[in-house]
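Colleague: Please walk me through the labels on this model. I want each one set against its cut-off.

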Amino acid sequence: EVPDDLAGFRLPPSVQARLQALLDRQDEGIALTDAERQEAEGLVDLAEMLSLLRLRAEQARESTSGRR
């Protein structure tokens, strides 16, 4: 069973803002340091994982509501 609150998992606003700032700098042609690049890659991976968890939670919720 998937916890109900899993659907609300998102990057905290400050973390999302940091990721956006790094991506904006990169888009502007400003080279990121190795540490910044690794940070951005890790945050993108985390955001993708949270998105997948939200999707699976939604699918599970739809599946169980359809069986009732």
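What follows is a short exchange on helices, salt bridges and burial.

Modeller: This is a predicted model, where local features need pLDDT of at least 70, side-chain atom pairs count only at pLDDT 80 or more, and totals for chains, interfaces and linings use all residues. Residues are numbered from 1 along each chain as its sequence is written, and side-chain values use heavy atoms, without hydrogens and water.

Colleague: How do you know that the span of helix α1 agrees with its 15 residues?

Modeller: A helix is a DSSP run (H or I, at least four residues), numbered from the N terminus. The expected span is 1.5 Å times one less than the number of residues. For α1, residues 13-27, that should give 21 Å, and the end C-alpha atoms are 21 Å apart, so the two agree.

Colleague: What makes R25 and E36 a salt bridge?

Modeller: The term needs a side-chain nitrogen of Lys or Arg within 4 Å of a carboxyl oxygen of Asp or Glu. Here the closest N and O atoms are 2.7 Å apart, so the pair qualifies. R25 lies in α1 and E36 in α2, so the bridge ties together parts eleven residues apart in sequence.

Colleague: Why is E36 called buried, and R25 partly exposed?

Modeller: Buried means under 20% relative accessible area, exposed over 50%, partly exposed in between (1.4 Å probe, protein chains only). E36 has 14%, so it counts as buried. R25 has 25%, so partly exposed fits.

Colleague: What about D34: buried or exposed?

Modeller: D34 is at 55%, so it counts as exposed. Its side chain meets R37 in a salt bridge at 3.7 Å, N to O.

Definitions and conventions:
Helices (H or I, at least four residues) and strands (E, at least two) are DSSP runs, numbered from the N terminus.
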